[in-house]
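Q: Got a minute to go through this one with me? I'd like to hop between a few spots and see what's there.

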Amino acid sequence: MTTTTCFRRLALAAALLGAALQGAQVAPKEKVLVLDKITYQKGVDQTAFEGIDNLLLTKLVQARKYKCLDRDAYDTAAREEGFGAKVDLVPAGYSMRGEIVQMLRSGKTRTIQNTPLAEYIATVSLRANDLRTQQPYEAETLRVVRYCQTPKDMLVYVVQRVALAILMRDYPMYLMDAEDPDDLTLSYGADFLNKGERYEIRRREAIVDDDTGEKVYKERTVGVCEVVDVGKNTSTARLLS
């Protein structure tokens, strides 16, 4: 383990302990996300995914939506704080286990700007458990298809897709501006979206309750859009249907 990785784990563990000591009332944005090590089904070439655990942890930490720890850091914190004996100290959040079900090269190729690319297909299974109750959530299977130069390029893309799927459990992709159907603003940026990708999107609308005067939020599905440009924190898309 490198010195940088060691310090990162200690910092993350300290953040977790701070949240845990606040008791069970943890705000949604402060939920803890514990990442178990990625596993592989028989026959999957694991060398193509070397470093995926650290890449995924880093990607999710940078998103600043959860307090993210790997399993080792969380277990260390749990032992020191006695989570097992004091269930009320267990922070709100999830443990997430990913499994690489398949990784293959389809045989299809294309050339873009004189660069030869091959089509790679990966299938990833995601299973989440509630940290406090250990109750499982519904499993999700991702099929990731991408034309890349190398398996390493595919690894980076798989990490991006898996991280987005995890985040969207609590932070769905919203339409932020819908005045022009050819110039929509989406709530995710270049860290998670790419030009040409298509997504079903929803819009969150604030409505003032006549009785209480408080704002309540309602969501509705807008349709399928295609990403046409990506910025740092938001992206531009056009509505397809």
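Q: How do the residues lining the second largest pocket divide into nonpolar, polar and charged?
A: This is a predicted model, to say that up front. The lining of the second largest pocket has 7 nonpolar residues, 6 charged ones and no polar ones.

Q: Which elements give two or more residues to that lining?
A: Those are strand 4 (93-112), strand 6 (140-148) and helix 4 (151-167).

Q: And which of them gives the most?
A: Strand 6 does, with 6 residues in the lining of the second largest pocket.

Q: Which residues lie nearest the centre of that pocket, and what volume does it have?
A: Nearest the centre are Val145, Arg146, Tyr147, Tyr157 and Glu197, out of 13 lining residues. The space in the second largest pocket comes to about 310 Å³.

Q: Okay, what about the largest pocket, what's its volume?
A: About 430 Å³. The largest pocket has 17 lining residues, with Ala63, Lys65, Ser187, Tyr188 and Asn233 nearest its centre.

Q: How does that lining divide by residue type?
A: For the largest pocket you get 7 nonpolar, 4 polar and 6 charged. So polar residues do turn up in this lining, whereas the second largest pocket has none in its own.

Q: Let's go to helix 4. Is Arg161 there buried or exposed?
A: Arg161 sits in helix 4, and Arg161 counts as buried because its relative accessibility is 17%, with the cut-off for buried at under 20%.

Q: What is Arg161 in contact with, beyond its sequence neighbours?
A: Leaving out anything within four places in sequence, Arg161 is in contact with Leu142, Val144, Phe192, Glu197 and Tyr199. Glu197 is also one of the residues nearest the centre of the second largest pocket.

Q: Switching topic: what does strand 4 pair with?
A: Strand 1 (residues 32-35) runs parallel to strand 4, joined by 4 bridges. Strand 2 (residues 39-40) is also parallel to strand 4, with 2 bridges. Strand 5 (residues 115-130) runs antiparallel to strand 4, and 15 bridges join those two.

Q: Can you give me some residue pairs, say what stands opposite Leu33, Tyr40 and Glu99?
A: Leu33 stands opposite Tyr94 in strand 4. Tyr40 has Ile100 in strand 4 as its bridge partner. For Glu99, the partner is Ser125 in strand 5.

Q: How many residues lie between strand 4 and strand 5 in the hairpin?
A: There are 2 residues between them. Gln113 is in the loop between strand 4 and strand 5, and Asn114 lies in that loop too.

Q: What's the phi of Gln113, and of Asn114?
A: Gln113 has a positive phi of about 50° although it isn't a glycine. Asn114 isn't a glycine either, and its phi is near 65°, again positive.

Q: Why point that out?
A: Because most residues other than glycine have a negative phi.

Q: Are the two turn residues, Gln113 and Asn114, buried or exposed?
A: Gln113 counts as exposed because its relative accessibility is 75%, and the cut-off for exposed is over 50%. Asn114 has a relative accessibility of 75% as well, so Asn114 counts as exposed too.

Q: Now Ser235. Where does Ser235 lie, and is it buried or exposed?
A: Ser235 lies in strand 11 (residues 235-239). Ser235 is buried, because its relative accessible area is 1%.

Q: What surrounds Ser235, leaving aside neighbours within four places in sequence?
A: Ser235 is in contact with Leu184, Thr185, Leu186, Tyr188, Gly189, Leu193, Val227, Asp229 and Val230.

Q: What does the Ser235 side chain do with Tyr188?
A: A polar atom of the Ser235 side chain lies 2.7 Å from the backbone oxygen of Tyr188. Tyr188 is also among the residues nearest the centre of the largest pocket.

Q: How far is the C-alpha of Ser235 from that of Asn194?
A: Those two C-alpha atoms are separated by 8.8 Å, and the residues are 41 apart along the chain.

Q: Last bit, the whole chain: how many helices and strands, and how much is buried?
A: The chain has 4 helices and 11 strands. Of its 241 residues, 40% are buried.

Q: And what share of the contacts between residues at least 6 apart join residues at least 24 apart?
A: That share is 63%.

Note on methods. Residues numbered from 1 in each chain as written. Predicted model: local features only at pLDDT ≥ 70, side-chain atom pairs only at ≥ 80, totals over all residues. Heavy atoms only, no water. 1 Å grid on protein atoms, 1.4 Å probe; cavity = no way out; pocket = protein on both sides within 12 Å on 5 of 7 lines; lining within 4 Å. Points joined across faces, edges and corners; volume = space filled by probe spheres on them. Nonpolar A, V, L, I, M, F, W, Y, C, P; charged D, E, K, R; others polar. Buried < 20%, exposed > 50% of the residue type's maximum accessible area, 1.4 Å probe, protein only. Contact = heavy atoms within 4.5 Å. Polar contact = N/O pair within 3.5 Å; in protein donor to acceptor, adjacent residues only side chain to side chain. Pairing = 2+ DSSP bridges.
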